[in-house]
Amino acid sequence: MYDINELFPVVAMLSRQFTGIESSSVSYEKASQLMEAVLYCIQEAESYKGTSLISPQSSAMQVYKTGAQLVRRKTEELLVFYENHKKQFCTYGNVYLADLLYKGIPAFFQYYDENFAPQNTILTLDYPIFMDLSEYQGIDCIDLYVRSIADEQRFLAKFGEDYVRKVLQSYSANYQDLPENIAGIVFGNVIGHLIVGKKLTDRLLEGDLRKICEQGCQEGFIEKVTDLVETFLQQHFTKELGTIQYMKRGLTDICVRISAVAISENINKIVVY
């Protein structure tokens, strides 16, 4: 990390750009925001995964400018990614997902200030995903978020809209208003079928649910389900490694939930169709 005396010239330069005049005098709040912007861009450059763009001898100004370029490039690339994928996105009637895809993300690109406030995430991210994004800000956070949503969409698209809606409707008659992860609901149902060895098109019977409960209470349940899911994902998402890796992030949580409800034999709260 750079000494504060090395950062001041960078903040001063950014202040002059912000005011549009030679003076770098800004309010304390704005100066703090600009300092955060400088630190964000420096971190962006230092954490860049690829051929190193900076050296130990690089000045704070050089590293900041490199990071600022990376922020702009990542923002531009994500916008292209979103525009190329949004026509294939399906909300399945869920208002939280619809609000995110068609209002939230466009609002981010409209209001994101990559020059003077790249650290601001802007969105509240009310639609939950399988990743913990609490350590991320700005474009880094939104980039991971949008690409995670795209992985979920690829996962759900394999089953077809009619099947997904049937599972969601079985899960809750008011699923449209639930702030829950849609892919997680469908994934839980898939796992239930894998456990009893039934096709996804076959409805689960009372005996099947009892069998899932029995296995959910056994030691090594997560390991067994992980093997089943690995095989399933590799079979159906052969060329979509990112989707496989993303969906596996939600696996442990779903297994823990199955084990928890299995004890009370309320498995139909997770395996629903």
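Is glutamine 119 buried or exposed? In this predicted model, glutamine 119 is buried, with a relative accessible area of 4%; the cut-off for a buried residue is under 20%. Glutamine 119 is placed in the loop between H4 and H5. From there, its side chain reaches the backbone oxygen of glutamine 33 at 3.2 Å.

Helix H7 comprises 15 residues, from 182 to 196. At 1.5 Å a residue, such a helix should span 21 Å, and the end C-alpha atoms of H7 are 22 Å apart, in agreement with that expectation. Of the 15 residues of H7, 14 are buried, so the helix is largely enclosed by the rest of the structure. Both ends of the helix show local features. At the start of H7, a side-chain oxygen of asparagine 181 comes to within 3.1 Å of the backbone nitrogen of alanine 183. Just after H7, glycine 197 adopts a positive phi of about 70 degrees.

Aromatic contacts were examined next. A pair of aromatic rings is described by the distance of the centres and the angle of the planes. A search of the whole structure gives 10 aromatic pairs. One of these is formed by tyrosine 82 and phenylalanine 109, whose rings are tilted, with 6.2 Å centre to centre and 35 degrees between the planes. This pair links distant parts of the chain, since tyrosine 82 belongs to helix H3 (residues 60–85) and phenylalanine 109 to helix H4 (residues 95–111), 27 residues apart. Tyrosine 82 and phenylalanine 109 are both buried.

Phenylalanine 155 and phenylalanine 187 form an edge-to-face pair, with 5.4 Å between the centres and 75 degrees between the planes. Here too, distant parts of the chain are linked: phenylalanine 155 lies in helix H5 (residues 138–157) and phenylalanine 187 in helix H7, 32 residues apart. Phenylalanine 155 and phenylalanine 187 are buried. Both residues also belong to a cluster, in which ring pairs link Phe155, Phe159, Tyr163, Phe187, Phe232 and Phe237.

Charged side chains also meet aromatic rings. Lysine 158 lies over the face of phenylalanine 237, a member of the cluster, at 5.4 Å from the ring centre. The charged end of arginine 147 sits over the ring of phenylalanine 81, 4.4 Å from its centre.

The largest pocket holds about 820 Å³ of space. Its lining consists of 24 residues, and those nearest its centre are Lys74, Tyr136, Asp140, Asp143 and Leu144. Helix H2 (28–46), H3, H5 and helix H10 (241–249) each supply at least two residues of this lining. The largest share, 6 residues, comes from H5. Helix H5 thus contributes to the pocket lining and, through phenylalanine 155, to the edge-to-face pair with H7.

A search of the whole structure for enclosed space finds 1 cavity of 30 Å³ or more. The largest cavity contains about 30 Å³ of space. The residues that line this cavity are Tyr171, Gly184, Ile185, Gly188, Arg257 and Ile270. H7 provides the largest share of the cavity lining, with 3 residues.

Conventions
Residues numbered from 1 in each chain as written. Predicted model: local features only at pLDDT ≥ 70, side-chain atom pairs only at ≥ 80, totals over all residues. Heavy atoms only, no water. Helix = DSSP H or I, 4+ residues; strand = E, 2+ residues; numbered from the N terminus. Expected span 1.5 Å × (residues − 1). Buried < 20%, exposed > 50% of the residue type's maximum accessible area, 1.4 Å probe, protein only. Polar contact = N/O pair within 3.5 Å; in protein donor to acceptor, adjacent residues only side chain to side chain. Phe/Tyr/Trp six-rings, centres within 6.5 Å; stacked < 30°, edge-to-face > 60°. Lys NZ or Arg CZ within 6 Å of the ring centre and 35° of its normal. 1 Å grid on protein atoms, 1.4 Å probe; cavity = no way out; pocket = protein on both sides within 12 Å on 5 of 7 lines; lining within 4 Å. Points joined across faces, edges and corners; volume = space filled by probe spheres on them.
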